[in-house]
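Please walk me through this structure. I am new to it and would like the main features in plain words.

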Amino acid sequence: MDKFVVRGGNPLVGTIRVSGAKNSALPCMAAAILTEDRVILENIPQVHDIETERKLLASMGAEVELGYGRAQHRTTISCRNLSDPVAKYEIVKTMRASALVLGPLVARCGMARVAMPGGCAIGGRPIDLHLKGLEKMGAEIVQEHGYLEARAPRLKGAHIVFDKITVTGTEDLLMAAVLADGETLMENCAREPEVTDLAALLTAMGAQIEGAGTSTIRVKGVTKLHGAQHRINPDRIEAGTFLVAGAITKGDLIVANCNPAHVGAVIGKLQEAGARVEILGNDSIRVRSDGALKAADISTQEYPGFPTDMQAQYMALATQAEGTSQIQENIFENRFMHVQELVRMGANIAVDGRTATVRGGTHLSAAAVMCSDLRASASLVLAALVADGESILDRVYHMDRGYERIEEKLRGVGAQIRRMGNVFSRKEEPVAAV
Ligand SMILES: CC(=O)N[C@H]1[C@@H](OP(=O)(O)OP(=O)(O)OC[C@H]2O[C@@H](n3ccc(=O)[nH]c3=O)[C@H](O)[C@@H]2O)O[C@H](CO)[C@@H](O)[C@@H]1O
Ligand SMILES: C=C(OP(=O)(O)O)C(=O)O
């Protein structure tokens, strides 16, 4: 199992580039199910979840080509022959986003068998709202032997009001609605940029969608979609992670190839915490921090609020800010797994229900710590970048789900970080490199 070895103390200086968003790429790959033609996606991140999605689509009979060399961030998907519309447990268990194939499979094939996703480290993560919406569109769904089986010769347009805002739920039902008979009106939808990105691809494929990016989406179903080429949005969570990296290390970092409009809430908080943040043109942000950081509270919300996927990384920063920060997690019931590990490094954090109180300005010292989920891993890397000594982060496979070669990117701007192990066939680097 791969580990990261991180020696803290270096300010990050230079330019770091953001990859495509995994949370956009995953629904966009699932959208290829909706057509017999080829769908070409660019700016696909090279992360483990994408490989899992490739396997998932291939296991159903799709041809999925992931590019190499100069075309390494491009994928071409052909779902002409979907011989087996089944999402098998062996694949689904490793990735929550697998539920995203449910809507498109029923829409295209009239049936789907999808293994029930289990809970995960950050919470129970039910998909009841996906199922309720599909039932409203006429699907009959039964659950047995750990699988959901959904059938509908043709889905019908429906009026769906989400009880709760759900990102993949909105995406799943959007993909179901584009081939449904008649109009679908969806209310209380997620407004995340990943929904807008998916809607842009679907529109390029011939779908008729109004209102993506707002809480009300209206879809006129069509009988057929065609192929399209689409470029995936930059990853706003990776961008946010790098912004925190620049601020926490008291560096001077340009985060390039991002969309500044998508990281407004994170920029606002970093400014409140005393970092200097400057938007450079359309796609870069400069972050500098040379004075003391100060405490600022956060409360996670759906977009455009402060993202839950940035809560753990922000908490690492809060350990270095003077004063007390209250961090409230409103989206997932159990997303504080990083707290114990940060405390192992010397942080002063107390958790009470959904609120973590961070007494900042603490000296972090290197330790052996365990990554429990994707963003918790990022939080530990950030803490290790400012800790005194050499930290060892175990289970970095969580990080590999969603960050493309993060250790190489961070090393490029001066971090002392190396991987021990062999994921993605990388050669072990000499200890002296650290
Ligand atoms: C692949 C992907 O895009 N993942 C993102 C997506 O996850 P995901 O789409 O799974 O998260 P949701 O937006 O669905 O979840 C929000 C809340 O709604 C609850 N819920 C959701 C669906 C449902 O049917 N019933 C229900 O109760 C969830 O348990 C959670 O408490 O949005 C999350 C919230 O921004 C992010 O943290 C994840 O990174
Ligand atoms: C929670 C995340 O991903 P997933 O929904 O795939 O678990 C994430 O990207 O932070």
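Just after helix α4, G110 takes a positive phi of about 80 degrees. This is a predicted model, so that angle, like every other value here, is computed.

Helix α4 itself runs over residues 102–109. Is it mostly covered or mostly exposed? Helix α4 is mostly covered, with seven of its eight residues buried. Those buried residues are L102, G103, P104, L105, V106, A107 and R108. They pack against several other elements. Two of these are strands, β7 (111–115) and β9 (147–151). The others are α1, α5 and α6.

One residue of α4 leads into the interior. V106 is buried, and V106 is also among the residues that touch the most other members of the largest nonpolar core. A31, L243 and V255 share that rank with V106. The core holds 145 residues. Which helix gives the largest share of this core? It is helix α12 (residues 374–386), with ten residues. Domain 1 (3–19 + 234–433) and domain 2 (22–231) both contribute to the core, so the core lies between them.

L243 shows how such a core residue is surrounded. Leaving aside residues up to four places away in sequence, L243 touches V255, V263, V266, L270, I285 and V287. V255 thus appears twice: L243 touches V255, and V255 is itself one of the residues with the most core contacts.

Now step back to the two domains. The domain assignment gives domain 1 as 3–19 + 234–433 and domain 2 as 22–231. How many Å separate their centres? Taken over C-alpha atoms, the centres of domain 1 and domain 2 are 30 Å apart. Where the domains meet, 18 residues of domain 1 are in contact with 14 residues of domain 2. The side of domain 1 that touches domain 2 has nine charged, five polar and four nonpolar residues.

Both ligands also involve both domains. Start with ligand 1. Its shell has 22 residues, and N23, L129, T166, V167 and T168 come nearest. Three elements give two or more residues to this shell: α1 (22–31), α5 (128–136) and α6 (167–177). These three helices are also partners of the buried residues of α4. By class, the shell around ligand 1 has eight nonpolar, eight polar and six charged residues. Each of domain 1 and domain 2 supplies at least three residues to it.

Which residues surround ligand 2? They are N23, R96, A97, D309, L374, R375 and G402. N23 also belongs to the residues that come nearest to ligand 1. The shell around ligand 2 divides into three charged, two polar and two nonpolar residues. Here again, domain 1 and domain 2 each give at least three residues.

Last, take the chain as a whole. The chain has 14 helices and 24 strands. Its C-alpha trace spans about 60 × 45 × 40 Å along the principal axes. A compact globule of 434 residues would have a radius of gyration near 22 Å, and the chain agrees because its own value is 22 Å. Of the 434 residues, 52% count as buried. Contacts reach far along the sequence too. Among contacts between residues at least 6 apart in sequence, 71% join residues at least 24 apart.

Definitions and conventions: Residues are numbered from 1 along each chain as its sequence is written. Chains are lettered from A and ligands numbered from 1 in the order in which they are written. This is a predicted model: local features need pLDDT of at least 70, side-chain atom pairs count only at pLDDT 80 or more; totals for chains, interfaces and linings use all residues. A residue is near a molecule or strand if its C-beta atom, placed from the backbone, lies within 6 Å of it. Helices (H or I, at least four residues) and strands (E, at least two) are DSSP runs, numbered from the N terminus. Ala, Val, Leu, Ile, Met, Phe, Trp, Tyr, Cys and Pro count as nonpolar, Asp, Glu, Lys and Arg as charged, and the others, Gly among them, as polar. Domain bounds come from an automatic or database domain assignment. A nonpolar core is a set of buried Ala, Val, Leu, Ile, Met, Phe, Trp, Tyr and Cys residues joined through C-beta atoms within 7 Å. A residue is buried if 20 or more other C-beta atoms lie within 10 Å of its own, exposed if 12 or fewer, and partly exposed in between; C-beta atoms are placed from the backbone. Two residues are in contact if their C-beta atoms, placed from the backbone, lie within 7 Å. The radius of gyration is taken over C-alpha atoms; the globule rule is 2.2 Å times the number of residues to the power 0.38.
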